[in-house]
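Here's a walk through a two-chain model, starting with the fold of each chain and ending with how the pieces pack. Have the viewer open as you read.

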Amino acid sequence: MISTRYIVASVLLSFMALTANAQVKLSETEPAPSMCQDYHKNAKFAKKDINYKYNSQSRDALFRPAQKSKLTFTAHKGYDYRMTFTAEDKILQGGALSFRIYDSRTKKELFNSEDENATEFEFICDSSINLTVEVQLPEASAENSKKVLYGCVGFLLESRASLDTGF
Amino acid sequence: MKKTGSYSLFLFSVLLAAISFTSCGGGGEDDHNNMSDTLAADTGEQIIEEYYQIPLPGDFFASLRALGVNGKSDLLNPAENISNYTTSAEKAVNFGVYCSDLFYCSNFNQKADILKYFENLKRLADDLGISSVVTDQTMKEIENNLGNTDSLNRITSTVFYDATSSLESSGQGSTLALIIAGGLTESIYLSTRMVNSYKDGSAAIQLIADQKFPMDNLYSYLNKYPEDGRVAQIADRIAPLHEVFNSLTETPKDTVNNRDGRKVIGSETLIMMNADDYKKLTVTAADVRNSLTQKTAN
């Protein structure tokens, strides 16, 4: 009687253990979404304007303090663009994210946020171009220098067909 | 003896269970900082990550529509072609092709078996290991919104973004590059079929010529994966299309710095496409697209 109970308990425990492991393996084969997915949707332009729509070249990514990263996108002739960044406080730590924009082909710098202390940028595109945005995060504060931090950064890009204004 | 044997089996099961349950692991916490243990082993040199963004086909089609371009029927990659796709490269590329087809349907109000195309996406997503991007819930939402082009556009965008996120976060950027290659090729093919006659000064023709820029970004993206044979194979197949764009003439243009109080930015040259160029692009786009969507002998 006692031995039968042990056998039944053993079989049940083994079955539970095996199925738990199988479930873990199944979930491990399906990649998890990025932890920063849709973070850029937290960004908002300070200035109100009309007709701008979400541009699919927006993106987000995980960053560390002091990290630099580049993103290249296409701006099309006849369109206006505006871009802004948003980042988690834990990687900004009171500092500011800076960015510069240059022609991907000629490497000519077209805008530097530090020159104008800017947090967002807008422009009219008069001939299609690939632009590279180079983003730089501030250094970690002294008290956090012994800790490695990560946080999300979002790049929100919006666009509209250029408006004809004036007579 | 029997009792001892049963008891040993029981103890063994408890041990097995203990090992299995503890190896299920943690997770489910917001764990950005726990990554530091593996990534802190970076060298002192800063690695600058580069991202290459390519607009979704939906953005391109919306721009063409705004320029007065109308859709045409019978241009899509037939849904039945899915049976041709057996390798992971073919599946990834045609996931992108079918996404582009769905954006085309929703932007140009084309009658097509939308459900069948989403079923194809689901099947290909399952094969690519990203089945969570097209779930039964997604299919139900599609069924409820078959007549609503805005919703279909939104759902297709969501599928694409979810696929992007899943593949990037799992280190499958090369598969994502193939998907994007399929989507961009299909959108260029469809645009040359919709705008089937060349007109000098046409804004639509200029927009198609300017697809050179996303194509350049695509190649920069593909070049990030030199070790992946699938990427090399697809890059070779698309190369003739890239070469046509690279052969287009560029003429210098006047520089304007500001307009309406805003900065003006643009390339120092304008891409020019004449009637012969456009004919060449149309033919090449069809050849390249068919090489990706139809079964070819390898």
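Read from its N terminus, chain A goes α-β-β-β-β-α-β-β-α-β-β-β, which comes to three helices and nine strands. Helices here are DSSP runs of H or I with at least four residues, strands are runs of E with at least two, and both are numbered from the N terminus. This is a predicted model, where local features need pLDDT of at least 70 and side-chain atom pairs count only at pLDDT 80 or more, while totals for chains, interfaces and linings use all residues. Residues are numbered from 1 along each chain as its sequence is written, and chains are lettered from A and ligands numbered from 1 in the order in which they are written.

Chain B has 12 helices and five strands. The table sets out burial and contacts chain by chain. A residue is buried if 20 or more other C-beta atoms lie within 10 Å of its own, exposed if 12 or fewer, and partly exposed in between, with C-beta atoms placed from the backbone. Two residues are in contact if those C-beta atoms lie within 7 Å.

| Chain | Residues | Buried | Share of contacts (separation of 6 or more) that are 24 or more positions apart |
|---|---|---|---|
| Chain A | 167 residues | 35% of residues | 84% of contacts |
| Chain B | 298 residues | 41% of residues | 78% of contacts |

**A sheet with strands from both chains**

Five strands make an open sheet in the order β6(A)-β5(A)-β8(A)-β3(A)-β1(B), and the pairing is mixed. The edges belong to β6 (109-112) of chain A and β1 (49-52) of chain B; each has a single partner strand, so one side of each has no neighbour in the sheet. On average, neighbouring strands are turned by 20 degrees against each other, direction ignored. Two strands count as paired if DSSP finds at least two bridges between them. Inside the sheet, β5 (residues 98-103) and β8 (residues 129-136) of chain A run antiparallel and are joined by six bridges. One residue to click on is Tyr102(A), whose bridge partner in β8(A) is Thr132(A). Chain B also supplies a helix here: α10 (residues 212-222) packs on the sheet, touching β3 (68-75) and β8 of chain A as well as β1 of chain B, and its direction makes about 150 degrees with that of β3(A).

**Helices of chain B**

How does α8(B) sit against α10(B)? Their axes are 10 Å apart and the packing angle is about 160 degrees, which makes α8(B) roughly antiparallel to α10(B). The axes are lines fitted to C-alpha atoms, for helices over the stretch in contact, and angles run from 0 to 180 degrees between N-to-C directions. Angles under 35 degrees count as roughly parallel, over 145 as roughly antiparallel, 65 to 115 as roughly perpendicular and the rest as oblique. From α8(B), Ala177(B), Ile180(B), Ala181(B) and Leu184(B) meet Pro214(B), Met215(B), Leu218(B), Tyr221(B) and Leu222(B) of α10(B).

Then there's α3 (residues 57-66) of chain B, where seven of the 10 residues are buried, so this helix is largely enclosed by the rest of the structure. Among the buried ones are Asp59(B), Phe60(B) and Leu64(B). The cover includes α4, α7 (149-169), α8 (173-194) and α9 (203-209) of chain B. With α8(B), the axis of α3(B) comes within 10 Å and crosses at roughly 15 degrees, so the two are roughly parallel. Pro57(B), Phe60(B), Phe61(B) and Leu64(B) on the α3(B) side make this contact with Gly183(B), Glu186(B), Ser187(B), Ser191(B) and Met194(B) of α8(B). After α3(B) comes Gly68(B), with a positive phi near 90 degrees.

**The core, and a spot outside it**

Which residues touch the most other members of the largest nonpolar core? In this set of 102 residues they are Phe95(B), Leu121(B), Ala125(B), Leu178(B), Ile180(B) and Ala181(B). Helix α4 (residues 88-108) of chain B gives the largest share, 11 residues. Such a core is a set of buried Ala, Val, Leu, Ile, Met, Phe, Trp, Tyr and Cys residues joined through C-beta atoms within 7 Å. Setting aside residues up to four places away in sequence, Leu121(B) touches Phe95(B), Tyr98(B), Cys99(B), Val134(B) and Val159(B).

Leu270(B), in strand β5 (residues 269-272) of chain B, counts as partly exposed because it has 19 C-beta neighbours inside 10 Å. Beyond four places in sequence, Leu270(B) is in contact with Ser127(A), Glu250(B), Thr251(B) and Lys253(B).
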